[in-house]
Structure formats: structure tokens, C-alpha cells
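Subject: Structure handover

Hello,

Here is the structure I promised to pass on. Please open it alongside this message.

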Amino acid sequence: MKFMPLLEKDWPHYVDEIRGIAAGVDVSLASILALNVRTEIAFGMWSDGCTALSWKCGKSSFLAQNWDWEQKQKENLIRLRIKQQNKPNIDMITEAGIIGKIGLNSAGVGVCLNAIKAKGIDFFKLPCHLALRRCLDSSSRAEAVDALQRAGLASSSHILVADADGATGLECSFKDVVLLPMSEEGLITHTNHYIQEHVGVEEEILFKDTKPRLIRANELVKGLKASVESIGTVLTDEDDFPVSINRHQADDSTIATVFSIVMDLSGPVADVFIGRPTAPEESLQLRPLLV
């Protein structure tokens, strides 16, 4: 409950939601709060691996990622649609009890997440999953970036936020938020390690394949036509299988791609595939209610 003083002071509306979920399922407030700060409980040392990319091309803007984690986590995934007053409506894929995750809103703002393993935590800054929610509460990428820079992040992660005008990567640690701009081609790609310098932050590489996956993602987007379908092919790539962008369980690991998402922020709409995108167990489309 160490985050509660900060949350009650600066983010009381999130506390209200967490409290409402706890009451609705008849569990303790502490239990639901723990889900929403689980990254910080593990001090940024959780073991999910992801590949994310954004692409601003002409009038189009796309955001996509594979979310890789324990396969048993699929049963905890939910589609959460939130209708709000004076804020954009939200449509996202999250885990039951967590109020901020990967998805998009009615203003055409989308957000993705890469885990990064680095020591350090600050209980007076915004927890990772609530930072994702703050992005989805924003009317523009600029608003989301400004909000996270002001609040700071409690632990390590990379948050990729985009809208119709492009994308910004935010490499976060308990000490800083360092921005990652789009390339000249309008691209940002990211996996599970820091690309920018973070002074005084002790990083430990989460997956040995994180750098090869980043190199591979950059190779795949060269000369690719910017469309939902073509970006989806990046997420199905099996180069260096089983520790590929489209991850499969290896002999010594139960981690694989849990879901795949491609967002067209001009819609705004997103295609989601549960399971590995080459063998999806379920598919759905996110389409936030327009205000």
C-alpha cells in the first residue's frame, strides 16, 4: 500500500476505480491495487518480452506489438471498454483487475508497452500500468507525453504512445523519462532493453534475444508498405525461432506470444489475435465508442 498516499492525493479517480473493482468482486482493496502496481512489486524484474513498433506514413499512423508472457495468462485477458465523461472513451486488452494496459481511445491515441529489467523504484511517481491508463485518458500524444514527463514513472519500462500525427517512445526508469523520437521514415521499433542512455540506472538484459529481435524488426520494415496487413506480417515473423518476434515456448521456458495487436489510429480501430498470430485461438476488433 506504499503507493496509496500518492494515488489518493494525485490520482483519486484511479483509486475510485480500483476500489470499485475490489468491491464488485468482493476482494480486498490491497489485492486489486497489487495487480495495478505489479510491475513495481517485482521492482521492474518481471519476465514478459514484447516487440513493438509504430509507423507514421503519409496520412496513416499505425501502432502494433506482440505481448509475450506466460501462456497461462491468456485465461486472465479481458477486453475492457470504458465510457467516460470529459475524457476519451477507451477500448483495450488488459488483465482482469488492471485498469490500464494496451489499446486505444476514441481520440485516436494508442499505447503499447515493453518490459525492461532495471533496478530501482520510486513510490512518489506513477506506477507503470496507471501510466498506460493516463495515456489512454489523453486527447493527444502530446498530452500523454507531457503527463508522463510531469508525473515520472515509478519503475522501468518503455511506453510507446501514438496518435494520427505520429509516435513517441518513452524509456522510463525510476530516475528519468527519456524520449525516443521517430526516425526519418516515421518509425519507432522497440523490444526489451534501453536504447537511450539512462545515467545512474542499472539495467539487466531481460532476454538475450531482445537485441536480435530489434534488429530483425528494423530489417522487416524496410521497403514494407504501411498497412495493417503488412505490419501484421512483422508480428508473425519466426526468424530465430522459437525466440522470434512471434515467440514460441522453448524447452526451458513457458513464455510465448499471448496476444498480437495492430492499431490503425486514423480509425481508430485495432485488430487483436489471442495467442501466436500464426495460430490464433481467437480474434477480435477494438473500436472505442466515438464521443
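Below is what I found, sheet by sheet and then residue by residue.

Keep in mind that this is a predicted model.

**The seven-strand sheet**

One sheet is open and has seven strands. Their order is β3-β4-β5-β6-β7-β8-β9, and the pairing is antiparallel. The edges are β3 (77-82) and β9 (177-180). Each has a single partner strand, so one side of each lacks a neighbour in the sheet. On average, neighbouring strands here are turned by 20° against each other, direction ignored.

Strand β5 (residues 102-105) is a good place to look closer. On one side, four bridges join it to strand β4 (residues 90-95), antiparallel. I90 has N105 of β5 as its bridge partner. β4 and β5 make a hairpin, with six residues between the strands. In that turn, G97 has a positive phi of about 100°.

β5 also pairs with strand β6 (residues 110-115), again antiparallel, through two bridges. Here L104 sits opposite G110. This pair is a hairpin too, with four residues in between. G108 in the turn has a positive phi of about 80°.

Which way do the residues of β5 point? I102 and L104 go one way, G103 and N105 the other. All of them are buried.

**The six-strand sheet**

A second open sheet has six strands, in the order β10-β1-β2-β11-β12-β13. Pairing is antiparallel here as well. β10 (187-190) and β13 are the edge strands, each paired on one side only. Neighbouring strands are turned by 10° against each other on average, direction ignored.

Helix α8 (residues 228-235) packs on this sheet. It touches β1, β2, β11 and β12. Its direction makes about 165° with that of β11. Helix α7 (residues 210-221) lies across β1 (49-57) and β10, and runs at about 150° to β10.

Now the β11-β12-β13 end. Strand β11 (residues 255-264) pairs with strand β12 (residues 269-274) over six bridges, antiparallel. S260 faces F273 across that pair, as its opposite residue in β12. The two strands form a hairpin with four residues between them. β12 then pairs with strand β13 (residues 282-286), antiparallel, over five bridges. V272 has L284 as its bridge partner in β13. For D271, the partner is Q285.

**S61**

S61 belongs to strand β2 (residues 60-70). Is S61 buried or exposed? Its relative accessibility is 2%, so it counts as buried; the cut-off is under 20%. A polar atom of its side chain lies 2.6 Å from the backbone oxygen of D163.

What else does S61 touch, beyond residues up to four places away in sequence? The list is W55, K56, D163, A164, G166, M263, D264, L265 and S266. D163 therefore appears both as a contact and as the polar partner of S61, whose burial follows from the 2% value.

**D122 and helix α5**

D122 lies in the loop between β6 and α5 (128-136). Its side chain reaches the backbone nitrogen of F124 at 2.9 Å. Leaving aside neighbours within four places in sequence, D122 is in contact with F3, A154 and F174.

How far is D122 from L265, one of the S61 contacts? The two are 143 residues apart in sequence and 33 Å apart in space, C-alpha to C-alpha.

α5 itself is mostly covered, with nine of its nine residues buried. They are C128, H129, L130, A131, L132, R133, R134, C135 and L136. Note that H129, R133 and R134 are among them.

**The α2-α3 pair**

Helix α2 (residues 12-25) packs with helix α3 (residues 29-36) at an angle of about 125°. Their axes are 8 Å apart. That angle makes α2 oblique to α3. The crossing is right-handed.

Which residues meet at this crossing? From α2 they are I18, R19, I21 and A22. From α3 they are L29, I32, L33 and N36.

That is the handover. Send questions whenever you like.

Best wishes

Technical notes
Residues are numbered from 1 along each chain as its sequence is written. This is a predicted model: local features need pLDDT of at least 70, side-chain atom pairs count only at pLDDT 80 or more; totals for chains, interfaces and linings use all residues. Side-chain values use heavy atoms; hydrogens and water are left out. Two strands pair if DSSP finds at least two bridges between them. Axes are lines fitted to C-alpha atoms, for helices over the stretch in contact, and angles run from 0 to 180 degrees between N-to-C directions. Buried means under 20% relative accessible area, exposed over 50%, partly exposed in between (1.4 Å probe, protein chains only). A polar contact is a pair of N or O atoms within 3.5 Å; within protein, one must be able to donate a hydrogen and the other to accept it, and residues adjacent in sequence count only if both atoms are side-chain atoms. Contact means heavy atoms within 4.5 Å. Angles under 35 degrees count as roughly parallel, over 145 as roughly antiparallel, 65 to 115 as roughly perpendicular and the rest as oblique. A crossing is left-handed if the near helix is turned anticlockwise from the far one by less than a right angle, and right-handed if clockwise.
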